[in-house]
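Thank you all for coming; I would like to take a few minutes to walk through one structure with you. Please have a look at the sequence and the model before I go on.

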Amino acid sequence: MTLDIMLPFYGRFDHFREAVNSVLNQSDPDWRLIIIDDVYPDLEPGEWAKSLKDERITYIRNTENLRPSRNYNKAIGLMEADFAVIMGCDDIMLPEYVARVRELTTQFPDAGVIQPGVEVIDGDGAVYEPLADRIKARIRFDGYGARSFAGEELVTSLLRGNWTYFPSLVWNVKELKSRSFRTDLDVVQDLSMLLSIFFAGGSLVLDDTIVFQYRRHATSLSAKTGPDGSKFIQERTVFAEAAEQARERGWARARRAARNRFTSRANALSELPAAFKARSMPATRSLSRHIFGS
């Protein structure tokens, strides 16, 4: 099984180089890497990627800046394998990532999405566990090893708090090819895609074996859009739509989780002091609406 590794790129060269090298260092060589440069102003990262001369690596530079969702959709169009990952250009695959994914896709060939084991690193590559990730660990499903979830149980869990790590996820390409990432969302498009698959009957496989390092740092798009409230406007849209879909299916627990959106409200509350400090009334109003609104 060849794994398609799609790598949309717009960011720091040193992190990009680490990401690409982590793919090259995989113990299982059966992968294909496609780098999609979203017109990053510095040409040096692209020149370095082209110099690798590995037939498994394809480098593409967009003619215009597509931004995240449109670039992800371009990645979908380039996928050829049965399973694919849309990796972050600052994240790291540990050497056994592809090998473990091969085991999981063999064990669960019909999985809609696979969440491998993940640990979090900071901007310098040190493993740490900030509050957001401690919360993710608490609300994620209990259990050990590789296990599969689907239906209302899965949707309700993700609506209580999205504990997945988008850049590490292994997607069933057939599921992605029949959909697209929403271009009106540039922060929570991953949750929207996940819910679309799971409302339609797809399953998620959760594994504990840590094979991926997710980089969390202050320059990420979600970190930038939290304090100004724009991230939560998108979240309200996704939760409202999910509540309606759950109502149509008679999924009372999922509808209640979507309407309560507890962890999302708590996240907005944590951003409120920064909005006050910046004396930004628009951000303060947006965050307050998300925290206290219906």
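By a nonpolar core I mean a set of buried Ala, Val, Leu, Ile, Met, Phe, Trp, Tyr and Cys residues that are joined through side-chain atoms within 4.5 Å. Please keep in mind throughout that what you see is a predicted model.

Let me begin with the cores, where, in soluble globular proteins, nonpolar side chains tend to be buried together. The largest nonpolar core here has 44 residues, and those with the most contacts inside it are L159, W171 and F198. Helix 8, which spans residues 189-199, supplies the largest share of this core, namely seven residues. If we take F198 and leave aside its neighbours within four places in sequence, we find F198 in contact with V113, L154, V155, L158, S203, L204 and W251. Apart from this core lies another one, of 37 residues, which has L3, F13, V20 and W48 among its members.

That brings me to the aromatic rings, since F13 also belongs to a cluster in which ring pairs link F9, Y10, F13, F16, Y40 and W48. Over the ring of F13 sits the charged end of R17, 4.5 Å from the ring centre.

Across the whole structure, a search finds 15 aromatic pairs. One of them joins Y72 and F166, whose ring centres are 5.2 Å apart and whose planes stand at 90°, so this pair is edge-to-face. With Y72 in helix 3 and F166 in the loop between helix 6 and strand 8, the pair links distant parts of the chain, 94 residues apart. Both Y72 and F166 are buried.

Turning now to charges, side chains of opposite charge can pair when their charged atoms come close. The count comes to 20 salt bridges, and I will pick out a few of them. D186 and R67 meet in one, at 3.0 Å from N to O, and this pair too links distant parts of the chain, with D186 in the loop between helix 7 and helix 8 and R67 in helix 3, 119 residues apart. R253 forms a salt bridge with E152, where the closest N and O atoms are 4.0 Å apart. Because R253 lies in helix 11 and E152 in helix 6, this pair ties together parts that are 101 residues apart in sequence. Is E152 buried or exposed? With a relative accessible area of 17%, E152 is buried, whereas R253, at 39%, counts as partly exposed. Finally, D4, R32 and E80 are linked in a network of salt bridges.

How values were computed. Residues numbered from 1 in each chain as written. Predicted model: local features only at pLDDT ≥ 70, side-chain atom pairs only at ≥ 80, totals over all residues. Heavy atoms only, no water. Phe/Tyr/Trp six-rings, centres within 6.5 Å; stacked < 30°, edge-to-face > 60°. Helix = DSSP H or I, 4+ residues; strand = E, 2+ residues; numbered from the N terminus. Buried < 20%, exposed > 50% of the residue type's maximum accessible area, 1.4 Å probe, protein only. Lys NZ or Arg CZ within 6 Å of the ring centre and 35° of its normal. Contact = heavy atoms within 4.5 Å. Salt bridge = Lys/Arg side-chain N within 4 Å of Asp/Glu carboxyl O.
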